[in-house]
Amino acid sequence: MSARPLLLIVLGLVAGVAAWFWQPWQEGGRKRLFAMVEASQAASDGGLSASAVISDAKGGLEADIVVRDLSLPWDLAFLGDSEILVTEKGGSLWRIDLGSGERRKITGTPDVRVQGQGGLHAVLLHPKFSDNGLIYLSYAAAGEDGKGAVTHFMRARLDGTRLTEQKLLLRTKAPGDRGQHFGGAMVFDRDGYLFVSVGERGYRDDAQKLSSHNGKILRLHDDGSVPKDNPLVDTPGALPEIWSYGHRNPQGLALDPVSGRIYEAEHGPQGGDEINVIERGRNYGWPVITYGREYGTGIRIGEGTTRPDIVPPLHYYVPSIATAGIAYYAGDAFPQWKNSLFVAALRGHLNRVQLNPDGTFAKEERLLSDRDLRIRAVRVSPKGALFVVADDGVILQVSAKP
Ligand SMILES: [Ca+2]
């Protein structure tokens, strides 16, 4: 081969790699999908004022800031339509009255170890909370050997502003020296089983190992005990809590109360975020079957994107939107949002996935996309109001315009 064709091949390869890097992974040059107008501006909170009403004309919605000045809020749970519990990653749990704005710190919370992405994560009410006052927390704390941080799940009784009867439900079995992919999502299904998620903690191959909690969705009774009909209880060497495996960083779980389906939002690598429907005993592929690529280099991960024994995602995002929490909208307040999943995207928007009546993917739209908010969680109130939690320290109430 003479020098000139070789030079052209090299130049072609360089151009290809350069083009790959020009993909807007970081979305620094994000295209504004919806023109948004704000009613008032303030210098604090990056232009978000306490009274700001953000309207998204094309998306047909408005968003009001209902809580501000939080420190890395992670999740919320509704004690009613006017009162919420809010977790902060640093370990604080707050009880906030949305009417008066009063916020009270809850005592008796677990000792949380803030390490990398780990800290205090999700908060969830027991389905019979109004009778028993039980809440659930997920968080990072030291592993069995006292070192590092691994994902934990706790139950406690909320008595005013204090937690009592704390019960550690599960300290996950995992190496603890890394700071990523804690998972920590929680949801109850219609039958009262508690589903929780654990990320692979940066140990990719663990997601396929049934001897590790890493990279799994687990199914527990509400007291943390293991249901006898879990899929792997009779499999030698397998951890009996496992319900599904092959997950990377599942940060969102949500229930469709009509069909009973459990949806999962999984934070993938570059280009591999997924929405999955979680099925008993199934393998979801990571890190063998994925749409993801390595950050930076763009090199493909694993052996392909599909395989007959791997459950394919309901939907995946290329490029990644950095999925975090997820909520299923079954409320009556906004009929146009019925049968939708709302997905928190850390890369600056609220993703609405419209589902078909059979639960398959119909379309997606990107809302609240012009504020560069790092949206961490999305929750639906008992009356069907939609709230989003952002790393920017705010909680927004989002309403569809009639
Ligand atoms: Ca997958």
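Modeller: Two strands pair if DSSP finds at least two bridges between them. Strands (E, at least two residues) are DSSP runs, numbered from the N terminus. This is a predicted model, where local features need pLDDT of at least 70, side-chain atom pairs count only at pLDDT 80 or more, and totals for chains, interfaces and linings use all residues. Residues are numbered from 1 along each chain as its sequence is written.

Biologist: Over how many bridges do strand E18 and E19 pair?

Modeller: Strand E18 covers residues 273-277. Its pairing with E19 is antiparallel. Ile275 stands opposite His315 in E19. The bridge count for E18 and E19 is three.

Biologist: Which are the edge strands of the open sheet with E18 and E19?

Modeller: Four strands make up this open sheet, in the order E16-E17-E18-E19. The pairing is antiparallel. An edge strand here pairs on one side only. The edge strands are E16 (250-255) and E19 (315-317).

Biologist: Why is one side of E8 and of E11 left without a neighbour in the sheet?

Modeller: The open sheet runs E8-E9-E10-E11, with antiparallel pairing. E8 (120-125) and E11 (162-171) stand at its edges. One side of each is free of a neighbour in the sheet because each has a single partner strand.

Biologist: Which residue in E10 does Tyr139 stand opposite?

Modeller: Strand E9 spans residues 134-141, and strand E10 spans residues 150-159. The two pair in the antiparallel sense over eight bridges. Opposite Tyr139 stands His152.
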